[in-house]
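Work through the exercises below with the sequence and the structure side by side. Each task is followed by a solution that goes step by step.

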Amino acid sequence: MSRGHVRPAQQQPECRPRGDLTPLPEQRYVCRCGEELRLVRASAEINDWAHETLSGQRYRDDRSALLREDPARWWAQLRQRMAAGDMRAAQLYSTLTAAEDLGWGPGWHYHRPEKTLTGPPEQPPPVCCGRPMWASPDGWACRVTLRVFPYTPTTG
Ligand SMILES: [Zn+2]
Ligand SMILES: [Zn+2]
């Protein structure tokens with residue numbers, strides 16, 4: 001997403017956001033593990049969202065101590081069991097390698113929103129440079145120039 005040393009102000013259209021610049025109401029989601037999730041700022045530096053549980057966890061870690069501290073050894077032990085003809089180990093191995101690609105591992109996963117608990121926002125997003133704006137943590141962002149316009153306070 002980095003735009004390098006391009007100077008956007010020179011070549012890009014001037015932003016004139018139209019519409020309601022108040023923040024969207026908070027949305028709630030649920031992960032497949034049943035945890036309720038909300039949107040939080042990804043980090044102090046990055047103006048983007050991350051999902052976390054209401055108690056502030058971004059992933060769930062129920063791994064065994066060996067897997068947490070020495071995953072290479074844990075996998076080596078699983079491969080040894082496979083090599084020794086353990087069918088359950090072979091099944092586990094193929095399930096887990098597939099799951100790792102999806103952000104799931106043995107005993108842990110990143111929480112991801114599977115379902116939205118809250119209804120869609122009633123207000124339409126503001127429009128800038130011909131496109132609906134993106135509700136970023138810092139404010140409404142123009143999708144064309146990436147300029148951010150701070151939220152105006154909600155009235156009433
Ligand atoms: Zn714009
Ligand atoms: Zn989860």
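**Exercise 1.** Starting from Arg 28, find its bridge partner in strand 2, and then describe how strand 1 and strand 2 are paired and connected.

*Solution.* The model is predicted, and the search begins with a single residue pair: Arg 28 has Arg 38 of strand 2 as its bridge partner. Widening the view from this pair, strand 1 covers residues 28–30 and strand 2 covers residues 36–41, and the two are antiparallel, with three bridges between them. The last step is the connection, where five residues lie between the two strands of this hairpin, and Gly 34 in the turn has a positive phi of about 100°.

**Exercise 2.** Determine how many bridges join strand 2 to strand 3, and name the partner of Leu 39.

*Solution.* Strand 3 spans residues 49–53 and runs antiparallel to strand 2, to which five bridges join it. Within this pairing, Leu 39 is matched with His 51 of strand 3.

**Exercise 3.** For the open sheet that contains strands 10, 11 and 12, work out the strand order, the edges and the angle between neighbours.

*Solution.* The order is 10-11-12, with antiparallel pairing throughout the three strands. The edges are strand 10 (134–136) and strand 12 (148–150), since each of them pairs on one side only. Neighbouring strands of this sheet are turned by 30° against each other on average, with direction ignored. Looking more closely at one pairing, strand 10 is joined by three bridges to strand 11, residues 139–141, and Ala 135 has Trp 140 of strand 11 as its bridge partner.

Technical notes. Residues are numbered from 1 along each chain as its sequence is written. Chains are lettered from A and ligands numbered from 1 in the order in which they are written. This is a predicted model: local features need pLDDT of at least 70, side-chain atom pairs count only at pLDDT 80 or more; totals for chains, interfaces and linings use all residues. Two strands pair if DSSP finds at least two bridges between them. Helices (H or I, at least four residues) and strands (E, at least two) are DSSP runs, numbered from the N terminus. Axes are lines fitted to C-alpha atoms, for helices over the stretch in contact, and angles run from 0 to 180 degrees between N-to-C directions.
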